[in-house]
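Grab a pencil and open the viewer. Here are a few short exercises, each with a worked solution.

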Amino acid sequence: MIYADYNATTPLGEKAKDWMAQALELWGNPSSSHRYGRKASELLNKSRESVAELLGVNPNDIVFTSGGSEANTLALMGLALEVGPGFRLLTSLVEHSSIRDTLPLIEKLGGIIQHVAVNSEGQLSLVDLEKQIETFKPHLVSLMTANNETGVIFPIPQILQLCEAHACLLHTDAVQGLGKLDPTFYRNAHLVSISAHKIYGPKGVGALIIKKGVSLVATHYGGAQEIKRRGGTENVVGIAGFGGAAREWQETHGSQDLKKVRDYFETFIGGSLDGVSIQGEKEPRIPNTSNFRFQGIASEVLLGALDLEGIFISAGSACSSGSISPSHVLLGMGFSESEAKECVRFSWGQMSGLNTVEEVAKKVIAHVTRIRARNTLKALSK
Ligand SMILES: Cc1ncc(COP(=O)(O)O)c(C=O)c1O
């Protein structure tokens, strides 16, 4: 089996498991003032500090959520509710579906949304962005740190400068940036979304980092947890897993050169097949992601062939796989529906070495060649 879908999720790391096992024993409610509660609360604090240390942010700025999706929703809805009708949001067409699907709700609340365009490589223009900020005067700009499908990185430090110059807030969905980019690149945004399961932590836990001075309305109620920014008894086991994963990541960080692995894979395929393009190739990308288009090959056919070989990749984002609609990210980059349906994503991680990616590359080349030959024969026999 070869797993090449690390942008969808990662396996649970050892420290995450250890810390979760501790949390299973400490079953008290962290809000209780007795000893059981205090023990759970201590583990919660230790986990918060561990995540804060990984990012270099203040532990008090961290609001734990049920994942990156909730963190995104909280950032957008929380601010829309804070500002009220007339709230103006500037975002892009290639954001994660948790941003996209929150937009109709914001409009229902009387918010106004504008999109900044990206080019065919998935990159935005800072000049266009500045013009839009000047004319639209958004309360909030929400732009992702790195795209989950193409890996393309938006220039967050420059975007933050623009936002600060025009007195608007910046939210960045850094779910795919965490563990792949130096945190200084994205952590200074006013609001930052992260998720545990992209760094070998458990699924179902993430955080929104809310910088001091930024106020938003909570979207979950039930108690004063997370300094009243997210009510409800904390998911102590999940949060402990996030803490453990963050600690392990800090200790092992940088030990694997995924760019070398990814570049080797891309060169291997590019050198053997025609009719191939790599989305975002000319732009800065996170080091583990390749989004390939194999002309003439429907992505689900290639996915199915590789699956039978025990090689696991994805077409578009995991959240939208299973649906036959083409990726909104690729459509946002100007691809036609049929072009978008020919794209697949390989994303590498802990268990990907040069031998692994070479094996995958050879299988991909063999299947693409076979499927193309079959398609030609079919066309000739018509
Ligand atoms: C860029 C991005 N944002 C948000 C999310 C959602 O995170 P979660 O799965 O923790 O809800 C994902 C998940 O794939 C993602 O890639």
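The exercises below go from a strand to a helix, then to the cores and a small sheet.

This is a predicted model, where local features need pLDDT of at least 70, side-chain atom pairs count only at pLDDT 80 or more, and totals for chains, interfaces and linings use all residues. Numbering starts from 1 along each chain as its sequence is written, and side-chain values use heavy atoms, with hydrogens and water left out.

**Exercise 1.** Work out which way the residues of strand 8 point, and whether they are buried or exposed.

*Solution.*
- Start with the term: buried means under 20% relative accessible area, exposed over 50%, partly exposed in between (1.4 Å probe, protein chains only).
- Strands (E, at least two residues) and helices (H or I, at least four) are DSSP runs numbered from the N terminus.
- Now sort the side chains: Gly 206, Leu 208 and Ile 210 point one way, Ala 207 and Ile 209 the other, and all are buried.
- That fits the usual pattern, as side chains in a regular strand alternate between the two faces of the sheet.
- Next, find the neighbours, remembering that strands pair if DSSP finds at least two bridges between them. Strand 2 joins strand 8 through four antiparallel bridges, with Ile 62 partnered by Ile 209.
- Strand 7 also pairs with strand 8 in the antiparallel sense, over five bridges; there, Ser 195 stands opposite Gly 206.

**Exercise 2.** Find what covers the buried residues of helix 2.

*Solution.*
- Locate helix 2 at residues 35-55. Its buried residues include Leu 43, Leu 44, Val 51 and Leu 55.
- Look for contacts (heavy atoms within 4.5 Å). The cover includes helix 1 (14-25), strand 2 (62-65) and helix 9 (236-252).
- Just past the helix end, Gly 56 has a positive phi of about 75 degrees.

**Exercise 3.** Say where the largest nonpolar core lies relative to domain 1 and domain 2.

*Solution.*
- A nonpolar core is a set of buried Ala, Val, Leu, Ile, Met, Phe, Trp, Tyr and Cys residues joined through side-chain atoms within 4.5 Å.
- The largest has 56 residues, and Val 141, Phe 154, Ile 159, Ile 194 and Phe 242 touch the most other members.
- Domain 1 (2-8 + 256-380) and domain 2 (14-252) both contribute residues, so this core lies between them. Those bounds come from an automatic or database domain assignment.
- Apart from it sits another core, of 25 residues, among them Ile 311 and Phe 346.

**Exercise 4.** Give the strand order of the open three-stranded sheet.

*Solution.*
- The order is 9-10-12, paired antiparallel.
- Strand 9 (276-278) and strand 12 (343-347) are the edges, each pairing on one side only.
- Strand 10 and strand 12 share five bridges, and Asn 291 partners Arg 345.

Key: Expected span 1.5 Å × (residues − 1).
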